[in-house]
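Open the model in your viewer and keep the selection panel handy. We will go from stop to stop, and at each one you will hear what to select and what is there.

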Amino acid sequence: MGNKKKVLLMGKSGAGKTSMRSIIFANYVARDTRRLGPTMNVEHSYIRFLGTMVLNLWDCGGQPNYFDNYITPQREQIFKGAEVLIFVISVETKELQDDLRLYQSCLEALAHLSPEAKIVCLISKMDLIADEKREQEFSVRESEIKRRSLPLKVTCYPTSIWDESLYKAWSSIIYSLVPNIAKFESSLNMFADIMRADEVLLFEKATYLIIAHSVRRKHPDGHRFEKISNIIKQFKLNASRYVANLHTMRMEIINGDLKILLDMLTPNTAIMVVITDPLVYPAAISLNIQTARKHFEMLEKLDRAPAMQFGDPKV
Amino acid sequence: MAEINPPELFIGSDAIQPFSQEPVSMAEQEAKPQIILMGLRRCGKSSIAQVVFNKITPNGTVLLESTTKIEFTDIETNTFLHYELVEIPGQMDIFESTVPMNHEGLFSNCDAVIYIIDCSDSYESALPYLYQIVTCAHKINPKIRFEVFIHKTDVLRQDGDKLAIRRSIYYKVTRDLQDSCLEAVKLHFYLTSIYDYSIFEALSSVVQKLIPELPTLENMLNLLNQKCRIEKSYLFDLHSKIYIATDSTPLDIAMYALVSDMIDTVLDLANIYDSGSDAKDANLSSTFELNNKSFLFLKKVNQYLALVVFMTGEDLQETSGLIEYNFYLFKKALENVFEIRTRKSKEKLL
Ligand SMILES: Nc1nc2c(ncn2[C@@H]2O[C@H](COP(=O)(O)OP(=O)(O)OP(=O)(O)O)[C@@H](O)[C@H]2O)c(=O)[nH]1
Ligand SMILES: Nc1nc2c(ncn2[C@@H]2O[C@H](COP(=O)(O)OP(=O)(O)OP(=O)(O)O)[C@@H](O)[C@H]2O)c(=O)[nH]1
Ligand SMILES: [Mg+2]
Ligand SMILES: [Mg+2]
């Protein structure tokens, strides 16, 4: 029970809520979302994450009559026990003030019923704005949203289903929800050191969101993580058409001294190791991943350990 | 390391010779041979060139403006292909007396004409121009290949529609060519769209027919398949993702898609981490393993080309040594094939 995380996904109808959750969690490609109809009431989905954690995603249809229900008759049911509120506002919305009024009424309910909840605001459909204007259009909205959220704190991200920005936003959301993330990170650091790796990335296996990373060598591209998530997820989706039931993938790429290895780590995670040290051989990387596997499986289970101790005594 | 079993070898180093004995005809002309793209206005000529050779996204072609003058694109994408792609704009009817056009000059140095028919439009209106082109070009240069792309098939809802359109165009064209006593001219028809893999598959077929070494390359790939129990193998031009040869098993667009996606993934990931280093070095190699039982192997064999193969049901530990060794032999053999080409062309010059 303690590992069930209630995540609220709200915003006006057509803002793109169902689209993004379908891409991140349900193997849609962006093109497929054009066929989505408006969501009726609330659609619940349960997403198992890292074995023990379950995301309970509440995709709340955004048409006005539904919204009125959330705010008044269903208030308690909707807003109680939430860990995160993700509020989506389309960048091309004609009446930003309208969106913001809805947003504020959600905040008010949340502040009462789930005062600890994190608040994230996504400005969606950024692809509809010309490249050079994106940053400015985003920051105008960001500062307005921040001002209207006070005294509560909010984090804003620009997103588009057509590029990797979606992965950046959702990685950060997931990151904040994974319990012993610090333990994963320190283990990853240790592993990277032993391997003499440039960097090591840890993915959640179903979504290919990056949940932890260890960077030992500076890299000029600050957006590479979400790009990588996007690249690998795309391949997985495409390959699933050919290989039925695709559950494990292993990729090895070698170009001179550069070695990139992606492999399954635990049943719920995948790992990617990047090494340019000419003294490290590809075979050594595989071997080390093999060795690390046990350790990371333990880490995942640790999280469940207390539950087993204090769980139902009859079990 | 798995032991390499001698009888399993692809070819011994001394056996490379047979490949080189085959006479390989060089392109006659010294000028760069041409592939001409023709068709009515807005049928998609520029889009095809841009998507395949300049990596514009299919959505991005919506912004392309109508072409107003003849456009030349160099495709020096690999060592086997040394072509110039020529787009004749749709608004320029080369048989119009007001258009200054030397037909002789246009078609005599041309290996193939790709005629594009927009199937989202009334395709019948595109046929008269096609007959005119075939009649004129065939007279000037009987060696020209005519390739007809029935294009924008993504707008058709059902596969049945595509086949029906193809059948209808095929009958009309063959009947009309017969009427003009041109039944000897062979036209090839392809269903294409820039929104999927079909345009790459079609261009691959077009380009392969123009490569004099194709039979040799096919033999090499067949032999490689047989020796390593490979299901499908391709020799790819990495940049354009056109394959210049494949083995003689039937075409399989789904397999092409898988292999092409692997190439994208490998290049994209390598590019992120390959900052500074020479992206063109010929050492790139990659192995993908899917569900522990299907494998994709990629190895660059020269500056432009990569060998990419697919196999299933083998034990990777056992096969990877064999594959690696035979890839190496393949690379050597390919160098041989290629050397003959350069030698021949030098002899010609002397
Ligand atoms: N250009 C662009 N279109 C998007 C993006 N995200 C979603 N869309 C499109 O917006 C439309 C509506 O998306 P939905 O996800 O159904 O919207 P919703 O927020 O779930 O709507 P309700 O369920 O009614 O609340 C779809 O046609 C999507 O293809 C985006 O990032 N860029
Ligand atoms: N649906 C669809 N549209 C396509 C396809 N290929 C091209 N188009 C569209 O067709 C339109 C015209 O494409 P162009 O490439 O400019 O046509 P063109 O043959 O070069 O035209 P001219 O230069 O006038 O001779 C563009 O809006 C493209 O986006 C395709 O495969 N499917
Ligand atoms: Mg919805
Ligand atoms: Mg054009």
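Start with ligand 2 and B:Ile194: a polar backbone atom of B:Ile194 sits 2.8 Å from an oxygen atom of the ligand. Keep in mind as you look around that this is a predicted model.

**Stop 1: around ligand 2**

With ligand 2 still selected, note how much of it is covered: on its own it has 670 Å² of accessible area, and the protein covers 92% of that. Now add B:Ser47, where a polar side-chain atom is 2.5 Å from an oxygen atom of ligand 2. Then add B:Lys152, which has a side-chain N or O atom 3.0 Å from an oxygen atom of the ligand.

Which residues come nearest to ligand 2? Of the 21 residues around it, they are B:Lys45, B:Ser47, B:Ser66, B:Thr67 and B:Asp154. Colour the shell by class and you should find 6 nonpolar, 9 polar and 6 charged residues. Next, highlight helix H2 (residues 45–53) of chain B, which gives the largest share of this shell, 3 residues.

**Stop 2: the magnesium ion of chain B**

Select ligand 4, a magnesium ion, together with its protein donors B:Ser46 (OG), B:Thr67 (OG1) and B:Glu87 (OE), which lie 1.9 to 2.3 Å from the ion. Along the sequence, these donor residues follow the spacing S-x20-T-x19-E. Trace the chain between two of them: B:Thr67 is in the loop between H2 and strand S2 (71–75) of chain B, while B:Glu87 is in strand S3 (residues 83–87), so this pair links distant parts of the chain, 20 residues apart. B:Thr67 and B:Glu87 are both buried.

**Stop 3: the domains of chain B**

Zoom out and colour chain B by domain, with domain 1 covering 26–208 and domain 2 covering 214–349. Computed over C-alpha atoms is how you can check their spacing yourself; the computed distance between the two centres is 28 Å.Stay in chain B and select helix H6 (residues 198–208), where 11 of its 11 residues are buried. Among them are B:Phe200, B:Leu203 and B:Val207.

**Stop 4: around ligand 1**

Move over to ligand 1 and show the 21 residues around it; A:Ser13, A:Lys17, A:Ser19, A:Gly62 and A:Asp127 come nearest. Three contacts are good to display here. A polar backbone atom of A:Gly16 is 2.9 Å from an oxygen atom of ligand 1. For A:Thr33, a polar side-chain atom lies 2.8 Å from a ligand oxygen atom. At A:Ile161, a polar backbone atom is 2.9 Å from an oxygen atom of the ligand. Of the 660 Å² of accessible area that ligand 1 has on its own, the protein covers 87%. Sorted by class, its shell holds 6 nonpolar, 10 polar and 5 charged residues.

**Stop 5: the magnesium ion of chain A**

Which residues coordinate ligand 3, the magnesium ion? Select A:Thr18 and A:Thr39, each through OG1, at 1.9 to 2.0 Å. A:Thr18 belongs to helix H1 (residues 17–25) of chain A and A:Thr39 to the loop between H1 and strand S2 (42–49), so the pair ties together parts that are 21 residues apart in sequence. A:Thr18 and A:Thr39 are buried.

While H1 is on screen, pick A:Ile23, which is also in this helix. Is A:Ile23 buried or exposed? Its relative accessibility is 5%, so A:Ile23 counts as buried. Add A:Lys233: the C-alpha atoms of A:Ile23 and A:Lys233 are 9.7 Å apart, with their positions 210 residues apart in sequence.

**Stop 6: backbone details in chain A**

Most residues other than glycine have a negative phi, and most peptide bonds are trans. With that in mind, select A:Leu150 and A:Pro151, which are joined by a cis peptide bond with omega of about 5°. A:Pro151 is in the loop between helix H5 (134–149) and strand S6 (155–158) of chain A.

Go next to A:Asn27, in the loop between H1 and S2 of chain A. A:Asn27 is not a glycine, yet its phi is positive, about 60°. The relative accessible area of A:Asn27 is 40%, so it is partly exposed.

Then select A:Arg196, in the loop between helix H7 (181–195) and strand S7 (199–204) of chain A. A:Arg196 also has a positive phi, near 55°. At 40% relative accessibility, A:Arg196 counts as partly exposed.

**Last stop: strand S11**

Finish at A:Thr269, in strand S11 (residues 269–275) of chain A. With a relative accessibility of 1%, A:Thr269 counts as buried. Show A:Thr266 as well, and you will see a side-chain to side-chain polar contact between A:Thr269 and A:Thr266 at 2.7 Å.

Key
Residues numbered from 1 in each chain as written. Chains lettered and ligands numbered in written order. Predicted model: local features only at pLDDT ≥ 70, side-chain atom pairs only at ≥ 80, totals over all residues. Heavy atoms only, no water. Donors = N, O, S within 2.8 Å, 3.2 Å for Na, K, Ca; no water. Helix = DSSP H or I, 4+ residues; strand = E, 2+ residues; numbered from the N terminus. Buried < 20%, exposed > 50% of the residue type's maximum accessible area, 1.4 Å probe, protein only. Near = heavy atom within 4 Å. Polar contact = N/O pair within 3.5 Å; in protein donor to acceptor, adjacent residues only side chain to side chain. Areas by Shrake-Rupley, 256 points an atom, 1.4 Å probe, with all protein chains shown as cover. Nonpolar A, V, L, I, M, F, W, Y, C, P; charged D, E, K, R; others polar. Domains from an automatic or database assignment.
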